[in-house]
Number of protein chains: 2
Amino acid sequence: MSKLLVAEIPRECGDCPIRHRAVCARCEADELELLDQIKYYRTYEAGQTIVWSGDRMEFVGSVVKGVGTLTQTMEDGRRQVVGLLLPSDFVGRPGRETATYDVVATTDTVMCCFRKKPFEEMMVRTPHIAQRLLQMTLDELDAAREWMLVLGRKTAREKIASLLSIVARRDATLNLHAGGPIEFELPLTREAMADYLGLTLETVSRQINALKREGVIELKGKRQVTVPDFDRLSEEAGDDSDGGMLS
Amino acid sequence: MSKLLVAEIPRECGDCPIRHRAVCARCEADELELLDQIKYYRTYEAGQTIVWSGDRMEFVGSVVKGVGTLTQTMEDGRRQVVGLLLPSDFVGRPGRETATYDVVATTDTVMCCFRKKPFEEMMVRTPHIAQRLLQMTLDELDAAREWMLVLGRKTAREKIASLLSIVARRDATLNLHAGGPIEFELPLTREAMADYLGLTLETVSRQINALKREGVIELKGKRQVTVPDFDRLSEEAGDDSDGGMLS
DNA sequence: GGTTTGCATTGATGCAGATCAAACGCGCGA
DNA sequence: TCGCGCGTTTGATCTGCATCAATGCAAACC
């Protein structure tokens, strides 16, 4: 059923896995060749589970196209999304055998994968890959901690605005956006958003429509979002905008 | 005012910073010597801020004794603790100039510090330090994500039980505890707990006393906690106890 | 001893968001 | 074209926790 073609795989995925987020200038030709040897692509349909929590992980990799979530579930069914996977994000944990979370594709998704064992061996032999991975992990840690503030202290409206703000920002940087209204496709169902934000899907629906009524966002259909004024959205999210007042 | 003496500094802090959590078997004599040259101790009183968010970080290090928090504050004063710092935890972020969070000592605290610049240089020359740091950061990331589930989906009572459970577990492993009731000093004020759990201090107080009334915990004074049955506490926290049912 | 000061507890009340319940709308296969 | 199913919206009601306001209580200081 997957409608993704190999032709759609972005060019920049050709080389170093680390290049997805930021160019790794120190990757040498022979390293790239080695990486190419252990590299392969996998495609997933919307809704498909990529990895089950507890399963043996046999690869690491990064998202090339599409969106996924890292999800944790309690015995009684309460669910929390603990991470969003947007294009360029890294998945997998070197040095750990089994997955800690469910990884689910929320849209049709292409992953660039590396067999775990050879990748780990390469990490040992190539120090700057470990160093780059450390940077990426520290970024993820910052993101997780920022999200703790969202979950612990923000109102439903602020939570929604925070989520939209994050997706909008990522989308804008990915497409080298320069000023003007930002437009993007919301890659999550109301339920997935609720699970990310610690809300119910009903509350998500109500708050999104409230933001729409008040002109903070515009909606075409249920998923296509336009943000006419990003600063306004940030303000709704409760982020320090501070417009450069900081020293 | 600090009543901590040099004599109280634990022995195992003498060598590799990475040794605090787990012995780093690969540290060689000359590396240890190098680390010793850039190492120094700092003590802080309860309530003292170790680093202000936005400040220049001039050291990294790990907690030797005492407890601290990483805190994020919104403009309007809402506060969220995004990380607990227990003995052996690492503080600071190699490769970043300024601190992202307030670091606050909640009890009298001893830190083992390394000047940041030389430490970073050492990291480049000594790959396994970066690798060890990567492991530690991945552990922290897991902890942060587990906490996202707590913040997003658990009830006030479960939140309290989760916090007690974490502190109890850390305390038990640190003191090589073997069976029987666990006893420890709660290192946080009601307010700090509230800020960690995304609650108000009143709710924290009520729920703690509810757990006490129902015999899940015992209290001596306001801080000294006894956990007669750790499994019972885990259950209250909503953790999968599963007692070995899992394959 | 009295007073201050800084947590912690306790009680009364209100509200944001959960829960329960229905209906809508839209794509898709028969 | 119909109707089925899934994601979404909308409405009515309930409730867990926040909020506001005292009060308690022990250590520190005069």
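Helices (H or I, at least four residues) and strands (E, at least two) are taken here as DSSP runs, numbered from the N terminus. A residue counts as near a molecule or strand if one of its heavy atoms lies within 4 Å of it. This is a predicted model, in which local features need pLDDT of at least 70 and side-chain atom pairs count only at pLDDT 80 or more, while totals for chains, interfaces and linings use all residues. Residues are numbered from 1 along each chain as its sequence is written, chains are lettered from A and ligands numbered from 1 in the order in which they are written, and side-chain values use heavy atoms, with hydrogens and water left out.

Consider first the surface near DNA strand C. The largest share of that surface, five residues, is contributed by α6(B). In total, 17 residues surround DNA strand C, and the closest are A:Ala156, A:Thr203, B:Arg190, B:Ser205 and B:Arg206. By class, the surface has three nonpolar, seven polar and seven charged residues; here Ala, Val, Leu, Ile, Met, Phe, Trp, Tyr, Cys and Pro count as nonpolar, Asp, Glu, Lys and Arg as charged, and the others, Gly among them, as polar. Of the strand atoms within 4 Å of the protein, 63% belong to sugar or phosphate and the rest to bases.

Individual atom pairs add detail to this picture. The side chain of A:Thr203 places an N or O atom 2.4 Å from a phosphate oxygen of DNA strand C, and for the side chain of B:Ser205 the corresponding distance to a phosphate oxygen is 2.7 Å. A base nitrogen of the strand lies 3.1 Å from an N or O atom in the side chain of A:Glu202. The elements that give two or more residues to this surface are α6 (201-213) of chain A and α6 (201-213) of chain B.

The two protein chains also meet each other. Their contact (heavy atoms within 4.5 Å) takes 48 residues from chain B and 48 residues from chain A. Together the chains bury about 4300 Å², 55% of it on carbon and sulfur atoms, where buried area is the accessible area (1.4 Å probe) that two parts lose on being put together, summed over both. In chain B, the residues that lose the most area to chain A are B:Arg145, B:Met148 and B:Arg153, together 19% of what that side buries.

Twelve salt bridges are counted between the chains, each a side-chain nitrogen of Lys or Arg within 4 Å of a carboxyl oxygen of Asp or Glu. One of them joins the side chains of B:Asp195 and A:Arg153 (2.9 Å, N to O).

How values were computed
Polar contact = N/O pair within 3.5 Å; in protein donor to acceptor, adjacent residues only side chain to side chain.
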